[in-house]
Amino acid sequence: MAAAAVAAAALSACTIPPRSGDAGTGPGKTITQIVVVPPESTTPLVPAAPPAAAGQGPLAGFDTLAAQLGGDSGIALAPVGGGQSIVAGTLQSGPAWSTIKVPLAIAALTAPGGSGQLTSVAQAITASDNAAAEQLWDSLGDPPVAATQVQAVLQQFGDPATVVESRKTRPEYSAFGQTVWSLAAQTQFASFLPCHTEAAQVLGYMDDVEADQRWGLGTLPSTSFKGGWGPDEQGRYLVRQFGILSTGSGQLAVAVAAEAPSGSFNDAAAMLTQIAQWIGTRVATVTSGASC
């Protein structure tokens with residue numbers, strides 16, 4: 001995608017524009033492993049076929065790609081309906097940024113009077129509109145109450161580990177956007193999105209993300225996704241996405257993240273596009289092994 005379009009995407013969902021001139025660091029050692037996020041007792045995971053051993057299956061060779069890209073990057077996959085998350089890469093966790101707007105939107109829609117929030121939900125998901133997301137957050141009550149309700153959605157959807165941030169740890173950014181969300185836990189959450197009627201409207205909006213944000217997973221056909229991005233205190237951008245990919249025999253939940261050697265938003269978004277294209281050539285032959 002042209003640089004101008006990517007820059008427009010950054011301005012639409014972040015309060016600070018991308019910084020393309022920041023100094024970067026070289027790539028670290030890539031780690032590939034299998035992570036199991038234990039289910040909440042009230043939301044058992046659907047049994048899935050055992051994932052490939054570390055370094056095998058659809059993520060085989062990710063370390064080679066990551067070394068070519070430089071910086072830090074990571075990926076996680078999980079079968080729809082729940083199961084083990086397979087992860088690879090050096091970047092496996094960080095602030096959720098705007099990806100947390102998905103469980104926030106579900107919490108707002110399912111709260112009393114939530115049907116009146118549909119316009120804000122659409123704006124928060126399709127355009128990653130921050131003001132709309134803040135309106136959804138405020139509709140849930142005081143910050144501790146709102147955080148509890150969003151966390152309850154995560155737990156209902158198979159992620160009992162993530163703690164939703166209720167405090168503004170960085171005054172210029174939303175509290176909920178600074179929630180630390182691992183890629184493995186995010187794929188567990190995503191793997192249940194197609195399984196709950198409460199998520200149907202939000203998942204539909206994830207099919208309709210605006211054109212200027214269709215980099216990364218947005219370049220793949222038949223993909224529902226949501227992105228998020230923002231700078232750390234040194235101005236280096238973490239850019240991440242998660243969503244649902246179609247495979248040869250079903251669907252897979254996927255989460256990806258990148259931080260470019262330059263630290264810029266544009267370069268990290270371009271890294272996610274290369275990662276998405278890489279995984280897109282592999283999932284067509286993957287048997288997901290589970291469904292809702």
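## Exercises on helix packing and one buried serine

The protein chain has nine helices and six strands, where helices (H or I, at least four residues) and strands (E, at least two) are DSSP runs numbered from the N terminus. The model is predicted, so that local features need pLDDT of at least 70 and side-chain atom pairs count only at pLDDT 80 or more, while totals for chains, interfaces and linings use all residues. Residues are numbered from 1 along each chain as its sequence is written, and side-chain values use heavy atoms, with hydrogens and water left out.

**Exercise 1.** Describe how helix H3 is placed against helix H5.

*Solution.* Two packed helices are described by the angle between their axes and the distance between the axes. Axes are lines fitted to C-alpha atoms, for helices over the stretch in contact, and angles run from 0 to 180 degrees between N-to-C directions. The axes of H3 (residues 101-110) and H5 (residues 130-139) come within 9 Å and cross at roughly 45°. H3 is therefore oblique to H5, given that angles under 35 degrees count as roughly parallel, over 145 as roughly antiparallel, 65 to 115 as roughly perpendicular and the rest as oblique. Next come the residues: Lys101, Leu104, Ala105 and Ala108 of H3 meet Asn130, Ala133, Leu136, Trp137 and Ser139 of H5, contact meaning heavy atoms within 4.5 Å. By class, this contact of H3 with H5 holds six nonpolar, two polar and one charged residues (Ala, Val, Leu, Ile, Met, Phe, Trp, Tyr, Cys and Pro are nonpolar; Asp, Glu, Lys and Arg are charged; the others, Gly among them, are polar).

**Exercise 2.** Determine how H3 is oriented to helix H6 and which residues meet.

*Solution.* The axes of H3 and H6 (residues 143-156) come within 9 Å and cross at roughly 105°, and the two helices are therefore roughly perpendicular to each other. On the H3 side the contact involves Pro103, Leu104, Ile106 and Ala107, which meet Gln149, Val150, Val153 and Leu154 in H6. The residues of this contact divide into seven nonpolar, one polar and no charged. Leu104 of H3 thus appears in the contact with H5 and also in the contact with H6.

**Exercise 3.** Locate serine 264 and work out its surroundings.

*Solution.* Serine 264 lies in the loop between strand E6 (250-259) and helix H9 (265-283). With a relative accessible area of 0%, serine 264 is buried (under 20%; exposed is over 50%, partly exposed in between, with a 1.4 Å probe and protein chains only). Its side chain joins that of serine 262 in a polar contact of 3.2 Å, that is, a pair of N or O atoms within 3.5 Å, of which, within protein, one must be able to donate a hydrogen and the other to accept it, residues adjacent in sequence counting only if both atoms are side-chain atoms. A polar atom of the serine 264 side chain also lies 3.1 Å from the backbone nitrogen of aspartate 267.
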